[in-house]
Structures are given as structure tokens and as C-alpha cells.
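Open the structure in your viewer and keep the selection tool at hand. This tour goes stop by stop.

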Amino acid sequence: MTMLASLFSPSPLLTTAASTSSSATSLPAPHAVRLPAPRPLTATLAAAAAAGLLLLTPAAPSHAEAEFKVYYGTAASAANYGGYGGNANKRDAAEYVYDVPEGWKERLVSKVEKGTNGTDSEFFNPRKRSEREYLTFLSGFRKLAPVGAVLDNLALSDVGLQDQISSADDVTSAERKDADGQVYYEYEVAGAGAHSLISVTCARNKLYAHFVTAPNPEWGRDEAVLRRLHQSFKTVDFSGQD
């Protein structure tokens with residue numbers, strides 16, 4: 001009888017469930033909801049500001065653009081050359097111009113050098129002195145010789161150019177005219193150790209040759225800047241202008 005009574009007596013679990021269900025119909029049991037901890041106001045503002053910066057701030061360029069200044073060259077003879085360098089009060093007497101990167105240094109050309117190979121001006125990169133641009137001139141030329149002969153004649157007075165041409169993988173030449181009809185010969189010499197761009201023209205009974213040269217590692221790094229220097233060279237006549 002005891003066993004039968006235990007079988008038919010209500011289970012404590014069923015009784016508890018029934019009572020709970022009965023009470024639930026009358027009043028729902030409250031459920032606890034876990035809310036995230038509030039973020040400090042400063043952290044929220046900082047996150048919003050960072051998101052705004054990501055949306056509104058343009059990406060910074062990988063390389064800062066180079067800045068340039070204009071050099072005014074006078075092509076003065078050795079007898080009239082003062083040797084002071086600089087660019088002050090040269091504009092009115094300038095016979096040619098070219099761009100120079102900011103930060104490059106001017107090398108003072110001696111009277112002896114000017115008189116022997118006609119070097120009139122030179123600038124170099126202080127990080128690598130062999131990365132440079134310079135101009136030479138020779139008097140007594142009314143017009144340009146054939147394009148091939150001009151480069152050979154320039155190399156006669158420039159040992160470095162001779163070596164570069166002799167070891168060059170490629171030498172190219174071209175002829176162009178500017179807006180005023182001035183003729184320029186353009187040369188590119190891709191040597192085993194260095195790269196050069198040369199521009200040659202005649203004006204005022206003079207031959208002007210502008211050189212831009214750099215070792216191959218610097219050429220690979222600065223090619224765009226060096227090509228701009230090459231393209232910036234031109235002869236000018238500011239006399240009589242305001």
C-alpha cells in the first residue's frame with residue numbers, strides 16, 4: 001500500500017510547476033535584463049571624433065611634392081665673371097633659365113673652369129653631390145650642327161660624359177621647337193652607372209648645353225623631378241621688360 005500511495009501521490013516537481021503556472025496566469029514574474037555598462041562620455045566623444053576624421057580627412061600623399069625655384073643664368077665670359085654666385089639682380093641680364101629643387105646647393109664655378117670648359121652654373125643635391133644639373137656655353141655658334149655631331153663635340157670637353165656615352169646601354173636624341181620657334185636638341189644617355197638628360201640650343205651667337213645627371217639609384221628615385229629640371233631649361237631675353 002505504501003508503494004501504491006507513493007506512485008499516485010503528486011510529485012513535488014509537478015506540484016511546484018503547477019503552482020508556478022497558476023501564479024503566472026495572475027501576475028507575470030519579472031525577468032532581469034542585463035544592460036551593457038554605460039561608456040564614459042569622453043570615450044564616446046573620442047570615438048565619434050575619430051570616425052569623423054576617418055571620413056573627412058583626405059589620405060596623406062606618399063611623397064611630398066618637390067618645390068622649385070627659378071635660376072637666372074647670365075652666361076658671362078670668364079673676363080667679366082665676378083664669381084659671387086647667387087641669383088640677386090640677375091633677371092634683367094639673364095640669357096637662360098632653369099628650375100632648381102628647393103634644398104639643392106649652388107657650386108661656385110671658378111674663372112679657370114669657366115674659361116676652359118665653359119661651365120656657367122651648377123647645382124647639386126647635398127644628399128648626393130653627383131646628382132646635379134649644370135650649364136655650359138660656348139661662344140661663336142650661330143646655329144646647331146647635325147644632332148649627332150653636337151653630342152660628340154660636347155663630350156670632348158666633358159670626361160664624365162665621354163665615359164658615360166662609351167658605357168651607355170642606350171643613347172637617344174630628338175629635336176623640338178618651343179613656342180617661339182627656338183630649336184632644341186634633346187639627348188638621353190642611359191649609362192651603366194648613371195643617367196643623363198641633355199638639352200642644347202643656340203642663341204645670341206652662343207651654344208648653350210644644359211645637363212641633368214644622376215647615379216642610377218638616384219635616377220630611379222627622382223626621375224620625375226630630374227625630367228622636370230631638364231624640361232625647364234630655355235633661353236630668354238628679359239631686356240626691355242618691366
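What share of the 242 residues in the chain is buried? Buried residues make up 33%. Keep in mind that this is a predicted model.

**Whole chain.** Colour by secondary structure. You should find seven helices and ten strands. Now think about contacts between residues at least 6 apart in sequence: 55% of them join residues at least 24 apart.

**The open sheet.** Select β1, β2 and β10. These three strands form an open sheet in the order β1-β2-β10, with antiparallel pairing. β1 (68–73) and β10 stand at the edges with a single partner strand each, so one side of each has no neighbour in the sheet. Zoom in on β2 and β10. They run antiparallel and are joined by two bridges. Y96 has T235 in β10 as its bridge partner.

**T235.** Stay on this residue. T235 lies in strand β10 (residues 234–235). Is T235 buried or exposed? Its relative accessibility is 15%, under the 20% cut-off, so T235 counts as buried. Show its surroundings next. Beyond its neighbours within four places in sequence, T235 is in contact with E95, Y96, Q182, Y184, T201, A203 and Y208.

**The largest nonpolar core.** In soluble globular proteins, nonpolar side chains tend to be buried together. Here, the largest nonpolar core has 19 residues. Select Y96, Y98, L135, Y208, L226 and F233: these touch the most other members. Elements giving two or more residues to this core are β2 (96–101), β5 (128–139), β8, β9 and α7 (216–232).

Now centre on L135. Setting aside its neighbours within four places in sequence, which residues is L135 in contact with? They are Y96, Y98, G118, T119, D120, S121, Y208, A209, H210 and F233. Apart from the largest core lies another, of 16 residues, including Y134, L151, A155 and F211.

**Aromatic rings.** Show the side chains of the aromatic residues. There are ten aromatic pairs. Start with Y96 and Y98. Their ring centres are 6.0 Å apart and their planes meet at 15°, so this pair is stacked. Both Y96 and Y98 are buried. Move on to Y134 and F211, another stacked pair, with 4.7 Å centre to centre and 10° between the planes. This pair links distant parts of the chain: Y134 is in strand β5 and F211 in strand β9, 77 residues apart. Y134 and F211 are both buried.

Then select Y71, Y96, Y98, F123, Y184, Y208 and F233 together. They form one aromatic cluster.

**Charges over rings.** Add R176 to the view. R176 lies over the face of Y184, 4.3 Å from the ring centre. Next, find R228 and F68. The charged end of R228 sits over the ring of F68, at 3.8 Å from its centre.

**Helix α5.** Finish with residues 147–156. Which residues of helix α5 are buried? They are V150, L151, L154 and A155. These residues cover an arc of only 135° around the axis, which puts them on the same side of α5. Turn the helix to look at that side. What covers the buried residues of α5 includes α6 (159–166), β6 (170–177), β7 (183–190), β8 (194–203) and β9 (206–215). Two of the residues just selected, L151 and A155, are among the members of the 16-residue core.

Technical notes
Residues are numbered from 1 along each chain as its sequence is written. This is a predicted model: local features need pLDDT of at least 70, side-chain atom pairs count only at pLDDT 80 or more; totals for chains, interfaces and linings use all residues. Side-chain values use heavy atoms; hydrogens and water are left out. Buried means under 20% relative accessible area, exposed over 50%, partly exposed in between (1.4 Å probe, protein chains only). Helices (H or I, at least four residues) and strands (E, at least two) are DSSP runs, numbered from the N terminus. The arc is that of the directions from the helix axis to the C-beta atoms. Contact means heavy atoms within 4.5 Å. A nonpolar core is a set of buried Ala, Val, Leu, Ile, Met, Phe, Trp, Tyr and Cys residues joined through side-chain atoms within 4.5 Å. Rings of Phe, Tyr and Trp (its six-membered ring) pair if their centres lie within 6.5 Å; planes under 30 degrees apart count as stacked, over 60 as edge-to-face and the rest as tilted. A charge sits over a ring if NZ of Lys or CZ of Arg is within 6 Å of the ring centre and within 35 degrees of the ring normal. Two strands pair if DSSP finds at least two bridges between them.
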